[in-house]
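Biologist: I have just opened this one and have never looked at it before. Could you walk me through it?

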Amino acid sequence: MLSESLVWLILFAPLAAFVIIGFVIRPLMRLVIPVAAQEHGDDSTHSAHGRSILGGSAGILAIIAIGVAFVLSIVALFGSIDNHGDSPYIAHDWLTVGNLEFTIGILMDPLTTIMLVVVTSVSLLVQIYSVGYMSHEDDRGYARYYAYMSLFSASMIGLVLASNIVQLFAFWELVGLSSYLLIGFWFTRPSAVAAAKKAFIVTRIGDFGLLLGIMYLFFHQDAFTAAGLNSLDIVDIYTAVDAKIIAGGVATWIAAGIFAGAVGKSGQFPLHTWLPDAMEGPTPVSALIHAATMVAAGVFLVARFFPVFEASETMMNVIILIGGFTALFAATMGLVATDIKRVLAYSTVSQLGYMMLALGVGAYSVAIFHLFTHAFFKALLFLGSGSVNHASGTFDMRYMGGLRKVMPITYASFVIGGISLAGILPFAGGWSKDEVLTAAWNGAGAIPAIGFWMALLAAGMTGFYIFRAIILTFHGDFRKGADAEGIEDTHGAEVHLKESPIAMVFPLILLSIAAVGIGFVVNPLFDLGIVPQHWFGHFLGQGPVHVEIEDFNVVLAPIAMLVSISGIVLAFLMYQTKVVSAEQLGARFKPVYILLVRKYYFDELYEDIIVRRFFYGGVARTLDWIDGSIINNIGKFIGWLGANVGTALRQLQTGQTQEYGAAISIGILTIVGLYLWFL
Amino acid sequence: MTTHDIYLLSPEISMAGLAILLILVDLVVSRKSILTIVAVLGLAVPLALSIVLWFDLTDQAATQMKADFGTEIVTFVVDKFSLFFKFLLVGATALVILASSEYVSKFKNFHGEFFALILFATSGMMLLASTVELITIYVSLELTALPIAALAAFMRDSRSSEAGLKFLILSAISSAVLLYGMVIIYGFTGTTVLADIATQLGGLLDGESAFGGNALLFGVILVIAGFGFKISSVPFQMWAPDVYEGSPTPVTAFLSVASKAAGFAVILRVFYIAFSAEILSVDWSAVFAVLAAVSMTFGNLVAIRQNNIKRMLGYSTIAHAGYLMVGLAAVASRTPDADAIIGPSGVLFYLSGYAITNLAAFSAVIAISNRINSDLIDSFAGMARRAPFLAGVLGFSMISLIGVPPTVGFMSKIYIFGAAVDTNLEWLAVTGMVNSVISAYYYLRVVKVMYLREPIDDAPVGSALPMKLAVMVTMAGTAFFGIYPTPLINLARSAVDVLVS
């Protein structure tokens, strides 16, 4: 097992990179390269790639830091396997005030180690990719980008390591903050600023629920203290659930609060609206944050407090319904999106729905397994879309086409990612999605059955929309990309029809290998030499949650695959061979089509009806009246009182020493007098 | 007096020795900046000796080492409590000296004497933290008060002289009050040793009347009044704003931090050792609770109307004396299952946090006002552009004085109000929180003026290296203990163990 200081290094390496880039390298840039010289492209300070040594060092530093974190995470994973998943670290006191005890520490259980590997490996590859993708940024923007990326990685690592719910919440908020900064990275674009604000505010609604959950948990501190436990310590919460200190309605309310946080971060219905807009950020950011890690944090959060959820059947059913519905609902919007990143964004929301569904039916290890494989193939797809954008200058699939010929590696890797997403065996996504469906099928009662049918339907749509994207992007003839007539603002991007640079292609190749093999290799159906049968499930089962290993279902798997394949075939018929006309279909079902394109009018519902009419028009106006005519006058009165009492008291300060001396005597006599009077 | 006794007294002796050394050095050097270097480096000696004593205590598993001065009674002890204050006082003095390195150029001569007087006062405060007998307490108190009176008058202009004289006279009055109190207690118990007073009182207390007897009531309240002067508690605070405004600014910083710390050290020692009986502690805790509420409210309300930043900080220090007295009021005997040392450890933690924060504020104020030659808050307008670093530190320390995370001011308020809640003083905790909100008004005004107002003058305001060092150390401390306060809390808790054992 790693020594504790090395585990902290996993967190502090990227954090140090953030501090050094943000507080040393960027200020140095201002000193070394005057802003004016930078604008005029002063070549004397630039290396061959048009990037100064300082600028380049920011990227290298960030990559080295996350590389160190990655290597240590792998060592931690093997250490945890040797240690049978027990966390050997003792929490440290952070602040103790009487009975109030806050600690900070590391919880290194199987869930943590797996999340660490996902976060650091994807982050490492994405940051390598960004060297190529962000090459058009000037030095200051480039350094800022790597500073934010390091901050995000550190926050995410801190979130999975936390052993205390307050500590976890702090990192949870930091993750939200760095996501906000990265979505709004190109802050001169109004759409990016709006998307960043939307992401921040919508997830904040969920975070408020999480905070309420934590507070409600804390109200039960007395019961915890009686059992020698701390209500904020995660392991103690597990113990409390076992000892029935948290049960029934209490468990439901705590779980509801935690789930609200998860719904916000993971873009589940009804807080899904921010995620597609978040695609305004740089594409590697979408790959890392809005596909592989941060949005999966919601799933992680539910998994982290899974014992609490298990104690409440109500909440489990809520999760099934929300997860299953989100899986289907987001997939339908993916069917008609024309922006390749938005297709992927809806797909992410939909896949997160699958994970929630798995959690809802109690299949804890299955959810994490899907999270694990999804992180790789979805990051692959996003990075692929970034590579496509590098060549065509746009994300709009209506102006792409034919890219297969000019960028074969991107094409091959995108297809691999697509097949994996569609859930075709033996690709990685196939295994995990199949297990989700099996788990829902095996669940008892009507609610898991509803979840199953929604998920199965969504599987067919997944095959359709991802192959629609592949065909529109890579097949057929090139439709001029950024040079096309009538295209929306492309922010000065140009068409360069060639394969992307090696820094971008290399991560694509590595992720393709993962998207093919990581599913079967990590959780095989039979012994694979060094990897034992169903290793993943058994390993997770050493944590606080009992894990039931689901057997491979020989009937269900082919059926699920058949559904996906029919979706794929339909995509080919409509967009490749054009046997079925997409236009006519759209015209025939016009109301449905428009409903989907307008995203079920959720943005309008939230912004016009809830925010403008209800909050501004109703609640805010009423509160404004109360504030203006009542609170304001109370405030004014207190202000007047404060000022005048202050003035009156100041009169006592005459500056006369003899009066000061007299005041001392009067003070003494007053105190003595009060005592003699009252006793 | 044996070698061992000299060893126990060595921090104080080396402190006084350093003061004399500085006067001698001043005679022979022409570059006065050398004095700062000698003083700061020289302070490493008392600090090192205090650290040696700390580890010696730990090694011997003894709670205290007593010096034997050949008399019958023990007057001076070395324990973790006194060493905690010695660390605090030496550290605060070092920062004050760093911060005054530039300011002293305002004095025509006597630079060495200025530093020497600060060090003499510090040695008195260090003695004060170690004494366990009333007469020695009185003598140590005078040893701190006389140099401070001289320091307050050091500028030799009319305001400074007035400040010095006022401090001298009022300090004499309060000493007289304190001596009266001590005499009554001596008359009651026949001893001046704190521990013996507690033993003697044991049999004499009467459960019916306040403080177990009216004579004792007078005695204890006179003692509170005498010490209340030191810590500038209402109604004994009148001197503070005038003296703060008139004194040279480094002296103001020294008064607000070191002098206050020493005052609380001796109060804790006297009340927790001599007046520890439950029947007594419930009564004096009530006095401190009321004084706490009145002091914080008075200080904050009047501070709102101030235009001079030194005077504003003078009222602010009265308010903080109020917050600190919350820790004195939070005695464990108020509730059956309270943490026995939460109150006194809260006082120590709050004092350290306040010392760091207030020194950060004063260092920045000294650095800025020294260059712009004004103490008016309005003259700090636009300082964020003229001196971004200093303005940032001053703003950050204002945030800490309000008690907003992530600063040590927040942590220490949480701790000391937590102590109040744990000892059934919820009303006092609420008063404290309301007061913190009121205080935000005048602290944030400084931030507002610096960041939102147009500068009067565009010339950048620089600062010398020692100033920068003082500012950085205090700023780093404010932030570090705001994020991870436990080392300081643990140190404070181990220091006050000796008070309740």
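**A helix and its neighbours**

Modeller: This is a predicted model, and a good place to begin is α22 of chain A, whose buried residues pack against α4 (110-133), α17 (364-392), α19 (408-422), α20 (428-442) and α23 (535-540) of chain A.

Biologist: Which residues of α22(A) are buried, then?

Modeller: The buried ones in α22(A) are A:M504, A:P507, A:L508, A:L511, A:S512, A:A514, A:A515, A:V516, A:I518, A:G519 and A:V522.

Biologist: Why would residues three or four places apart in a helix point the same way?

Modeller: An α-helix has 3.6 residues a turn, so residues at that spacing point the same way.

Biologist: What span should α22 of chain A have, and how far apart are its end C-alpha atoms?

Modeller: Helix α22 of chain A covers residues 502-522, and because each residue contributes 1.5 Å, its 21 residues should span 30 Å, which agrees with the 28 Å between its end C-alpha atoms. There is also a bend of about 45° in α22(A), and it falls at A:V516, a residue that is itself buried.

Biologist: Changing topic, where are the cis peptide bonds I should look at?

Modeller: In chain A, a cis peptide bond with an omega of about 5° joins A:F269 and A:P270, and A:P270 sits in the loop between α10 (248-265) and α11 (274-277). In chain B, B:V234 and B:P235 are joined by a cis peptide bond, with omega about 5°, and B:P235 is found in the loop between α9 (214-230) and α10 (239-246) of that chain.

Biologist: And which residue in the loop between α9 and α10 of chain A should I look at?

Modeller: That loop, between α9 (234-242) and α10 of chain A, holds A:K244, which has a positive phi of about 65° although it is not a glycine. Most residues other than glycine have a negative phi.

Biologist: Is A:K244 buried or exposed?

Modeller: A:K244 counts as exposed, because it has 10 C-beta neighbours inside 10 Å. In chain B, B:N424 likewise has a positive phi, of about 60°, without being a glycine; B:N424 lies in the loop between α17 (408-422) and α18 (426-452), and it counts as exposed because it has 12 C-beta neighbours inside 10 Å.

Biologist: Last thing, what is the pLDDT like in chain A?

Modeller: Chain A has an average pLDDT of 83, and 96% of its residues score at least 70. Over residues 36-49 of chain A, however, the pLDDT is below 50, and this stretch has 12 contacts in the model beyond near neighbours in sequence. Where pLDDT is low, the predicted coordinates should not be read in detail.

Note on methods: Residues are numbered from 1 along each chain as its sequence is written. Chains are lettered from A and ligands numbered from 1 in the order in which they are written. This is a predicted model: local features need pLDDT of at least 70, side-chain atom pairs count only at pLDDT 80 or more; totals for chains, interfaces and linings use all residues. pLDDT is the predictor's confidence in each residue, from 0 to 100. Two residues are in contact if their C-beta atoms, placed from the backbone, lie within 7 Å. Helices (H or I, at least four residues) and strands (E, at least two) are DSSP runs, numbered from the N terminus. A residue is buried if 20 or more other C-beta atoms lie within 10 Å of its own, exposed if 12 or fewer, and partly exposed in between; C-beta atoms are placed from the backbone. The expected span of a helix is 1.5 Å times one less than its number of residues. The bend at a residue is the angle between axes fitted to the seven residues ending there and the seven starting there.
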